[in-house]
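This report introduces a protein structure to a reader who has not met it before. The sequence and the structure are shown first, and the description follows.

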Amino acid sequence: MTTSDFNFSDTIILEDDSVLLRPLQESDVDNLLEISINEPETWKYSLVGADGKENLIQYIQLAIKARENQKEFPFIVFDKKTQKYAGSTRFYDMNLEYKTLQLGFTWYGSAFRGTGLNKHCKFLLLQFAFETLGMERVEFRADNNNERSIAAMKSIGCKVEGILRSHMPTANSDVRRDSIVLSILRKEWFDEVRENLKRKL
């Protein structure tokens, strides 16, 4: 498959021994509801929260609509070790013509953080982006205050490019956030990032 073969309606499943990612669907409200209700702080730094059933339903519907509009490809994350659904992640701002995309909207329940699950997910997603889709650049963004997220991105091999000042509103306040921009380029993936990340799995 190359960018020209990619079809947003395909059922893309990415998996290894630890994790399975499959397309997010409306019925996944049931699979993610426990995290949504019990761990609202999961979306502290998110622009679009999925805390509480109503927000979760809307979150999933918006994600599916973005996939139908061929802008995003959202996944649900299943942790094979615990046999439980762990969270969600997606490709977004996909520009197949320019061979760039962003990887984000990533969140996991607290039980799945720090377990190595995220590295497995990122490896599968980056491998698909660079080796199947033929991307030249994968970009990541985060609230510049979100230290945990930034540390996780650096640990998988992302390089910091800079800060977008007063870049976006935050979910529940008048405060605007600064966004940090990081990326991995195709050459970096094949030269070093792939092997370094594989060793950490």
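## Lining of the largest pocket

The structure described here is a predicted model. Within this model, the largest share of the lining of the largest pocket comes from β5, which supplies 7 residues. The volume of this pocket is about 1000 Å³. Its lining comprises 37 residues, and those closest to the centre are F105, T106, W107, N146 and S149.

Several elements take part in the lining. At least two residues each are supplied by β5 (100–108), α3 (117–132), β6 (137–143), α4 (147–155) and β7 (159–169). Sorted by class, the lining residues are 15 nonpolar, 13 polar and 9 charged.

## The sheet

The model has an open sheet of 8 strands with mixed pairing, and their order is β1-β2-β3-β4-β5-β6-β8-β7. β1 and β7 each have a single partner strand, so they stand at the edges and one side of each lacks a neighbour in the sheet. In general, the strands of a sheet pair through backbone hydrogen bonds, in a parallel or an antiparallel manner.

One antiparallel pairing is that of β4 with β5, which are joined by 6 bridges. In this part of the sheet, S88 stands opposite W107 in β5. W107 is also among the residues closest to the centre of the largest pocket.

## Strand β3 and its neighbours

Strand β3 covers residues 73–79, and 7 of its 7 residues are buried. In a regular strand, side chains alternate between the two faces of the sheet. For β3, one side carries F73, F75, V77 and D79, the other carries P74, I76 and F78, and all of these residues are buried. Both faces of β3 are therefore covered.

β3 pairs with two strands that are described here in turn. Strand β2 (residues 19–23) runs antiparallel to β3 and is joined to it by 5 bridges; V19 has D79 of β3 as its bridge partner. Strand β4 (residues 84–95) also runs antiparallel to β3, with 7 bridges between them, and the bridge partner of D79 in β4 is K84. The hairpin of β3 and β4 has 4 residues between the strands, and in this hairpin Q83 takes a positive phi near 60°.

## Salt bridges

The model contains 12 salt bridges. One of them joins the side chains of E15 and K80, with an N to O distance of 2.7 Å. This pair links distant parts of the chain, since E15 lies in strand β1 (residues 14–15) and K80 in the loop between β3 and β4, 65 residues apart. E15 has a relative accessibility of 43% and counts as partly exposed. K80, with a relative accessible area of 26%, is partly exposed.

A further salt bridge joins the side chains of E188 and K159 at 3.9 Å, N to O. E188 in helix α5 (residues 186–200) and K159 in strand β7 are 29 residues apart, and the pair links distant parts of the chain. E188 counts as buried because its relative accessibility is 17%, which is under the 20% limit. K159, at 40% relative accessibility, counts as partly exposed.

Helix α5 also contains the salt bridge between K187 and D191, whose closest N and O atoms are 2.5 Å apart. Because these two residues are 4 apart in helix α5, about one helical turn separates K187 from D191. K187 has a relative accessibility of 61% and so counts as exposed. Elsewhere, R137, E139, R141 and E161 are joined into one network by salt bridges that share partners.

## Contacts of T42

T42 is located in the loop between α1 (29–38) and α2 (53–68). Its relative accessible area is 12%, so T42 is buried.

The side chain of T42 takes part in two contacts described here. A polar atom of this side chain lies 2.7 Å from the backbone oxygen of E39. The side chain of T42 also makes a polar contact with the side chain of R113, at 3.0 Å.

Terms used. Residues are numbered from 1 along each chain as its sequence is written. This is a predicted model: local features need pLDDT of at least 70, side-chain atom pairs count only at pLDDT 80 or more; totals for chains, interfaces and linings use all residues. Side-chain values use heavy atoms; hydrogens and water are left out. On a 1 Å grid over the protein atoms alone, a cavity is a set of points where a 1.4 Å probe fits but cannot get out, and a pocket is an open set with protein on both sides within 12 Å along at least five of seven lines; lining residues have an atom within 4 Å of a point. Grid points are joined across faces, edges and corners, and a volume is the space filled by probe spheres set on the points. Ala, Val, Leu, Ile, Met, Phe, Trp, Tyr, Cys and Pro count as nonpolar, Asp, Glu, Lys and Arg as charged, and the others, Gly among them, as polar. Buried means under 20% relative accessible area, exposed over 50%, partly exposed in between (1.4 Å probe, protein chains only). Two strands pair if DSSP finds at least two bridges between them. A salt bridge is a side-chain nitrogen of Lys or Arg within 4 Å of a carboxyl oxygen of Asp or Glu. A polar contact is a pair of N or O atoms within 3.5 Å; within protein, one must be able to donate a hydrogen and the other to accept it, and residues adjacent in sequence count only if both atoms are side-chain atoms.
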